[in-house]
Each structure stands twice: as structure tokens, then as C-alpha cells.
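Please take a moment to look over the sequence and the fold before reading on. The paragraphs below follow one strand and its partners, and then turn to a single residue.

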Amino acid sequence: MTNFPFDIVGFDLDGTLFDTSADLAAATNHALALAGRPALPLDTVRSMLGLGAKHMLEQGLEASGGFDAETMARVYPALLEYYEANLTRGTVAFPGLIAALDDLDSRGVKVAIVTNKFERFAVKLVAELALDHRFACVIGGDTMGKGNAKPSAAPIHEMIARCGGGRAAFVGDSIYDILAAKNAGIPNIAVSFGFLMQPVEALGADAVIDSYAELIPTLIRLGDSRSATSSTGAAPA
């Protein structure tokens, strides 16, 4: 297949490629138990996802008896240790993802991960799911150094460089994802099935998809739209 508008498609990880909520909830409840707090239901923890592990635990402490910095400092390392040892017990790819990756591969498109999860966790997670061979690179929140996680454009630029350059688009579920793509000047797609902290329309993405069955047609549409804009002499959005 030829004439696909993008050479690279990048993805966020949590809430975009994979539903990691079960394992993140288990890690949260492990930390809460160490703090003498009651466990929280999965749906409650799921509403706390999307802004990183620290935010998740802060919200979990608040919901289970109140946040305090001393407890946070004591149990946060235990949360990370537990999560690293139990990354994929309940983690699953979102429906249609593998077929979409197959389609992109058949078109010669490189796919990559840019996440604010620690790089070692992201690399280990995709390896345990036997999907590491599908991604040209995995960039974590700590890969580029302090201050260079999403919404910075730095990890998006690094993704493009590691993939050999070319036209890129990015897919995510948070405001950090969409802002990072916009800051890097590339088209972006929000998924409505992710760990949303606000209505998906509020993210201001170039497009929204409700399932991975919509990914390829949406990328084609975005590419066609950008080509048409460029041909008029107007600056890309």
C-alpha cells in the first residue's frame, strides 16, 4: 500500500494502547493497605488515572482517609515496586489495536510509544505482552530528562528522530498528549475510550476516534486535510 500520509504514528500507552487500569488499581490498593487504608473499587481508581502515578496515589489517599505528605513519601516507593513486579496481570490491549498495528505495518508506517510512564516500566510492559517488536522506540517520561515529559514537544521530536524522520501523527487520551503533539506541530487524535479527565471534546484534538477501527480512515482524512491546507499556501494548524 502506498501514498499513506504518515511515515510515523506515535501512541501514548496507558489508556490509549492498553487498558492498564486493573494493574494500576492493584498497585494503588497495595500502597493504601500499607498505609492502613481500605481498598478502593476499580471504577474509583480508574477515575484517578491519566496524570501519573503520584497523582493517582495522592487521589487514592485523599479518597481513603485523607492525604498527607508523610504517608505519601512512605508508600509511594512501595507502589512503584509492586507495580513493576505486576505490570501485566490484568493489562489488555484495547479492542482492534492489533489489527490497526497490522494495517499500519502493511503500509510501511513506523509506530512508537511516547508515555509519561517511567521508561523502564513501559519497556517491560510491552515486552511482557510480547509486543515490543511492534514499536520502533519507546520513550518514557524520564527518557528526556527532567522537565521534558509531555506536554513538552521534546519527546515527540525524539520519537520522530529515532524513527528516522518523516511525517508523524500522535494518538493519545490526555491533554498532555494533545498538547505535546500540538507543541511539536504534528496532527493529533484523541481516543474517547481512554482514561479521560475531561470530556474528550475538551482536549481540542484534531480528531477523535471511538475505536481502533476508525484509526486508519481518520489518519487518511487528517493527512488529506493537511495536504489541502498546505496546497492553498496557508500555514498548517
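**A strand and its partners**

In this model, Val-171 of strand S6 stands opposite Ile-189 in S7, where strands are DSSP runs of E with at least two residues and helices are runs of H or I with at least four, numbered from the N terminus. The model is predicted, so local features need pLDDT of at least 70 and side-chain atom pairs count only at pLDDT 80 or more, while totals for chains, interfaces and linings use all residues. Residues are numbered from 1 along each chain as its sequence is written, and side-chain values use heavy atoms, with hydrogens and water left out.

S6 and S7 (residues 188–191) pair in the parallel sense over three bridges, pairing being defined by at least two DSSP bridges between the strands. Between them the chain passes through helix H8 (residues 175–184), and this β-α-β crossover is right-handed, which means that, with the strands pointing away from the viewer, the path from the first strand over the helix to the second runs clockwise. S6 also runs parallel to strand S1 (residues 8–11), joined to it by four bridges, and Gly-10 has Phe-170 as its bridge partner in S6.

In a regular strand the side chains alternate between the two faces of the sheet. In S6, Ala-168, Phe-170 and Gly-172 point one way and Ala-169 and Val-171 the other, and all are buried, that is, under 20% relative accessible area (1.4 Å probe, protein chains only).

Tyr-212, in the loop between strand S8 (207–209) and helix H9 (215–231), is buried too, with a relative accessible area of 2%. Leaving aside neighbours within four places in sequence, Tyr-212 has contacts that include Phe-11, Phe-94 and Phe-193, contact meaning heavy atoms within 4.5 Å.

Methods
Buried means under 20% relative accessible area, exposed over 50%, partly exposed in between (1.4 Å probe, protein chains only).
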